[in-house]
Amino acid sequence: MKVPSWRGSRSSKPRAPQRKFQMFNRPLAHWHPGIRTVINWAVTFGSVLFCVLMLPTRFLGMELLGIGPNWLLIWVVAWSVKRSVWEGIFAGIVLGLLQDAMTSPHPTHAITLGFVGLLTALLQKQRFIQEDFISIALIVFVMAIVAETIFGLQLSLIGGREVEDIWAYYQRGALASAILSSLWAPVVYYALNLWWQKCKL
């Protein structure tokens, strides 16, 4: 006698779920070059936007004498360490113009950050520095002093204020900016450098 079978009683093996987004399970070096380039530029622009938004932000422990870290200067140093002189200058000018758009174009930050990109790239090309956290912090400290000095010179040339007052303020401001920027520089440098190394740029 044949036992009737129901459709629902058949034992069937569960199908293995299809693997979606298999590309993201592979190492970054195995991604398609075009996709890797697009994602790299998105991460780079996102990091710039993050630094721009952090400029007016003051969290606990991120302020000294009313001055916060110079996030854009940190980014320019991290970018220029492994790149050519012209790439460092270009990045500094672009980020300086972004900072001018948030503050004031007179005096401009494009000159100061462009000069920072130039000096950082020259230091690396001459092999005067090593690519470690201490060296990056030291570079950022020196570049912050240089940037604030150039900015103070621009204010003195524009006029409208007493030169003594300008330099009395910028002596304190340059030191505070240099200290805070050098403390936060290894954090930004480590994240960006790790990503750029994975992208093999």
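This passage describes the helices, buried segments, aromatic contacts and surface of a predicted model.

Local features of the model were considered at pLDDT of at least 70 and side-chain atom pairs only at pLDDT 80 or more, whereas totals for chains, interfaces and linings use all residues. Residues are numbered from 1 along each chain as its sequence is written, and side-chain values use heavy atoms, with hydrogens and water left out.

The protein contains 6 helices and 0 strands, and the order along the sequence is α-α-α-α-α-α. Helices (H or I, at least four residues) and strands (E, at least two) were taken as DSSP runs and numbered from the N terminus. Of the 201 residues, 41% count as buried. Here, buried denotes under 20% relative accessible area, exposed over 50%, and partly exposed the range in between, with a 1.4 Å probe and protein chains only.

An unreviewed UniProt entry carries the annotation "transmembrane region" for residues 38–60, 104–123, 135–155 and 175–196. The UniProt positions are given in the numbering used here, feature names are shortened, and such annotations may be inferred rather than shown by experiment. In the model, residues 135–155 are 100% helix and 0% strand, with the end C-alpha atoms 30 Å apart. Residues 175–196 are likewise 100% helix and 0% strand, and the end C-alpha atoms of this span lie 30 Å apart.

Helix α2 comprises residues 71–80, and 10 of the 10 are buried, so this helix is largely enclosed by the rest of the structure. The buried residues of α2 include Trp71, Leu72, Ile74 and Ser80. Trp75 and Trp79 are both buried as well.

The model has 3 aromatic pairs. One of them joins Trp75 and Trp79, which are stacked at 5.4 Å centre to centre with 15° between the planes. For this count, rings of Phe, Tyr and Trp (its six-membered ring) pair if their centres lie within 6.5 Å; planes under 30 degrees apart are stacked, those over 60 are edge-to-face and the rest are tilted. Because Trp75 and Trp79 are 4 residues apart in helix α2, about one helical turn separates them. An α-helix has 3.6 residues a turn, so residues three or four places apart point the same way. Trp79 has a further contact, as Arg83 lies over the face of its ring at 3.8 Å from the ring centre. The criterion for a charge over a ring is NZ of Lys or CZ of Arg within 6 Å of the ring centre and within 35 degrees of the ring normal.

Helices α5 and α6 provide several contacts between residues distant in sequence. Glu148 is found in helix α5 (residues 133–158) and, at 17% relative accessibility, counts as buried. Its C-alpha atom lies 5.5 Å from that of Ala174, although Glu148 and Ala174 are 26 residues apart in sequence. Ile145, also in helix α5, counts as partly exposed at 28% relative accessibility. Ile145 and Ser177 are 32 residues apart in sequence, and their C-alpha atoms are 7.9 Å apart. Leu175 is found in helix α6, and its C-alpha atom is separated by 8.6 Å from that of Phe141, 34 residues away along the chain.

At the surface, Leu64, Leu65, Leu175, Ile179 and Leu183 make a nonpolar patch of about 460 Å². Patches are made of residues with over 30% relative accessible area and no salt bridge; like charges are joined within 9 Å and nonpolar side chains (Val, Leu, Ile, Met, Phe, Trp, Tyr) within 5 Å. A salt bridge is a side-chain nitrogen of Lys or Arg within 4 Å of a carboxyl oxygen of Asp or Glu. Within the patch, Leu175 is partly exposed at 44% relative accessibility. Leu183, located in helix α6 (residues 163–198), is exposed at 59%.

Trp86 belongs to helix α3 (residues 85–102) and is exposed, with a relative accessible area of 69%. The C-alpha atoms of Trp86 and Ala121 are separated by 8.5 Å, with the two residues 35 apart along the chain.

Notes
Accessible areas come from the Shrake-Rupley method with a 1.4 Å probe; for residues, only the protein chains shown count as cover.
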